[in-house]
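Visitor: I'd like to learn how to read a model like this one. Can you walk me through it?

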Amino acid sequence: MKQKEITSEKELKKVLKKISYKFGNKQRNKIVCSLIGHSRISTMCFGYRHCGRCEELLGDSLGSTDYNKPEAVLIGHNCKTCRANYKKCTWKDKLYVPDPFKKIK
Ligand SMILES: [Zn+2]
Ligand SMILES: [Zn+2]
């Protein structure tokens, strides 16, 4: 597959259409991340941050490996920072990612 930069959701959907028929959602989400990068919307579990789309480990709060933490929106967190960060999110962050502010019961 030729690697070219994807700049719009429409473009991405076109690429996915060609390849997604043989993948499940999980595999598709991994492909999306490899094409446009990980989402800022992420899950936090025991200090480890995972991508909200492909579930890949992005870093932990103990080390300095979490490069994108100040920009992150944590799913279910719903604090001021998360809400402010969410406003900066683009379609690249929101695509195939659950609503981070949905109430979890
Ligand atoms: Zn990802
Ligand atoms: Zn937060």
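Visitor: What does the protein average in pLDDT?

Guide: pLDDT is the predictor's confidence in each residue, from 0 to 100. Here the protein averages 88, and 89% of the residues score at least 70. This is a predicted model, where local features need pLDDT of at least 70, side-chain atom pairs count only at 80 or more, and totals for chains, interfaces and linings use all residues. Residues are numbered from 1 along each chain as its sequence is written, while chains are lettered from A and ligands numbered from 1 in the order in which they are written.

Visitor: Which element has the lowest mean pLDDT, and which the highest?

Guide: Elements are DSSP runs numbered from the N terminus: helices (H or I, at least four residues) and strands (E, at least two). Strand β3 (residues 57–60) is lowest with 87, and helix α4 (residues 91–94) tops the list with 97.

Visitor: How do α1 and α2 lie to each other?

Guide: Fit lines to the C-alpha atoms over the stretch in contact, then take the angle, 0 to 180 degrees, between N-to-C directions. The axes of α1 (residues 9–19) and α2 (residues 25–36) come within 11 Å and cross at roughly 140 degrees. Under 35 degrees is roughly parallel, over 145 roughly antiparallel, 65 to 115 roughly perpendicular, and the rest oblique; α1 and α2 are therefore oblique.

Visitor: Is Cys-45 buried or exposed?

Guide: Count other C-beta atoms, placed from the backbone, within 10 Å: 20 or more is buried, 12 or fewer exposed, in between partly exposed. Cys-45 sits in strand β1 (residues 41–45) and is exposed because it has 10 such neighbours.
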